[in-house]
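I opened this notebook page to record a few look-ups in one structure. The entries follow in the order in which I made them.

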Amino acid sequence: MVRKILLALLGVCIVLGIWYRDLIGYGWMQAKGQFRILWNTRPVEEVLADASFPDSLKQKIELIQEIKRYAVDSLGINPSKNYTTFYDQHGQPILWVVVASEKYRLVAKEWEFPVIGTFAYKGFFERDRANQEQDELKQLGYDTRLNEVSAWSTLGFFRDPILSSMLKRSEGQLAELIIHELTHGTLFVKDNLEYNENLADFVGEYGALKFLTQKYGASSLAALGYLDSKQYGEKYDEHVLRGTRKLDSLYATYNPQTPERVREEKKWQLIDQIVETVDTLKTKPLAGVPVPKKRRFNPQNLPNNAYFVGYKTYRQQQNRFRREFEEKFKSNFSQYLAYLKKTYPSL
């Protein structure tokens, strides 16, 4: 009897292994990449004591510890052991993410993973595998985009390290990034990437400005410079999101009888118009603050639907969180975060 049960279980495992072989293979590849990084990290204390490590970069590592303390003590982010280790990338990218969208609809392709749910992107620690995935998606008719990633959150499953590429960021950018990623470990809604990323963006930007204001003062160049960059960034976001709405409207006019040539021509004419009008964005410069670097498209490499659907995922709900924070919670962040923690606890 026991033998029959064991044989039945073995048969089930074999069937599941065959059925989910691609997912198992991908999971194994990701685990290898993650463990390779974790195996080669160094404790922050060791890096700070290393006489050969540049003092300017040590200051950035110490700044990250300061940002983390602020996020926990002043914002209410959950404490964790993240950013207590350091990984040297030696100038090389560490992770690539593939995003895909339908060709004539701004609808992202989604990948489903056990436990953590559904995501509108797929990450790879190996560039060749990312290229292979992108090529396969193109053959299936998707618009695709391949991005290098400078940071990510393992949602508490591992101890996220400081990556050497993070140390190239300005104080404001670094504070925003660290608080954004720590937010993922505090608040996470399964199967809702758009909500998670927009919320983490909101908390990251709010927290970064508060951190800079507390550290340097509201009238400091650090705080005003960050505000100025956010002012331009918001205008850029609004411009691209307007573009997504125009694309949605255009695609809604397509029907099965619309020739492929016409679909392509109208699509790329509109995308070209969105790109061309980026240069019309204007902001009011702040006295004494360097003009923020403007974001530009490469005219020889126009963005496709994967770019625009990515923007919808990451930035579309920003105003929703801001309104909820200001109107429902009267700009009381501790009360707002307490509400979010209770409503959307992390894994």
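**Enclosed space**

I looked up the largest cavity and found about 50 Å³ of space in it. The model is a predicted one, and I read the entries on this page with that in mind. My search of the whole structure returned one cavity of 30 Å³ or more. I then listed the residues that line the largest cavity: Tyr83, Ala151, Trp152, Asp160, Pro161, Leu163 and Met166. Sorted by class, this lining has six nonpolar residues, no polar residues and one charged residue.

**Second largest pocket**

I turned next to the second largest pocket, for which I noted a volume of about 340 Å³. Helix H7 (193-216), helix H8 (221-252) and helix H11 (318-328) are the elements that each give two or more residues to its lining. Which element gives the largest share of the lining? I found that H7 does, with six residues. The lining of this pocket has 15 residues in total, and I recorded Glu205, Tyr206, Leu209, Glu234 and Arg322 as those nearest the centre of the pocket. By class, I counted six nonpolar, three polar and six charged residues in the lining of the second largest pocket.

**Nonpolar surface patch**

On the surface I looked up a nonpolar patch of about 300 Å², made by Phe35, Phe157 and Phe158. I located phenylalanine 158 in the loop between strand S7 (143-149) and strand S8 (162-163). Is phenylalanine 158 buried or partly exposed? I entered phenylalanine 158 as partly exposed, because its relative accessible area is 30%.

**Isoleucine 37**

I placed isoleucine 37 in helix H2, which covers residues 21-39. The relative accessible area of isoleucine 37 is 0%, so I entered this residue as buried. I also checked isoleucine 37 against tyrosine 87: the two are 50 residues apart along the chain, and their C-alpha atoms are separated by 6.9 Å.

**Asparagine 304**

My last look-up was asparagine 304, which I found in the loop between helix H9 (260-276) and helix H10 (305-315). Why does asparagine 304 count as buried? I noted a relative accessibility of 16% for asparagine 304, and buried means under 20% relative accessible area; asparagine 304 therefore counts as buried. I then compared its position with that of lysine 267: asparagine 304 and lysine 267 are 37 residues apart in sequence, and 9.1 Å apart in space from C-alpha to C-alpha.

Technical notes. Residues are numbered from 1 along each chain as its sequence is written. This is a predicted model: local features need pLDDT of at least 70, side-chain atom pairs count only at pLDDT 80 or more; totals for chains, interfaces and linings use all residues. Side-chain values use heavy atoms; hydrogens and water are left out. On a 1 Å grid over the protein atoms alone, a cavity is a set of points where a 1.4 Å probe fits but cannot get out, and a pocket is an open set with protein on both sides within 12 Å along at least five of seven lines; lining residues have an atom within 4 Å of a point. Grid points are joined across faces, edges and corners, and a volume is the space filled by probe spheres set on the points. Helices (H or I, at least four residues) and strands (E, at least two) are DSSP runs, numbered from the N terminus. Ala, Val, Leu, Ile, Met, Phe, Trp, Tyr, Cys and Pro count as nonpolar, Asp, Glu, Lys and Arg as charged, and the others, Gly among them, as polar. Patches are made of residues with over 30% relative accessible area and no salt bridge: like charges are joined within 9 Å, nonpolar side chains (Val, Leu, Ile, Met, Phe, Trp, Tyr) within 5 Å. Accessible areas come from the Shrake-Rupley method with a 1.4 Å probe; for residues, only the protein chains shown count as cover. A salt bridge is a side-chain nitrogen of Lys or Arg within 4 Å of a carboxyl oxygen of Asp or Glu. Buried means under 20% relative accessible area, exposed over 50%, partly exposed in between (1.4 Å probe, protein chains only).
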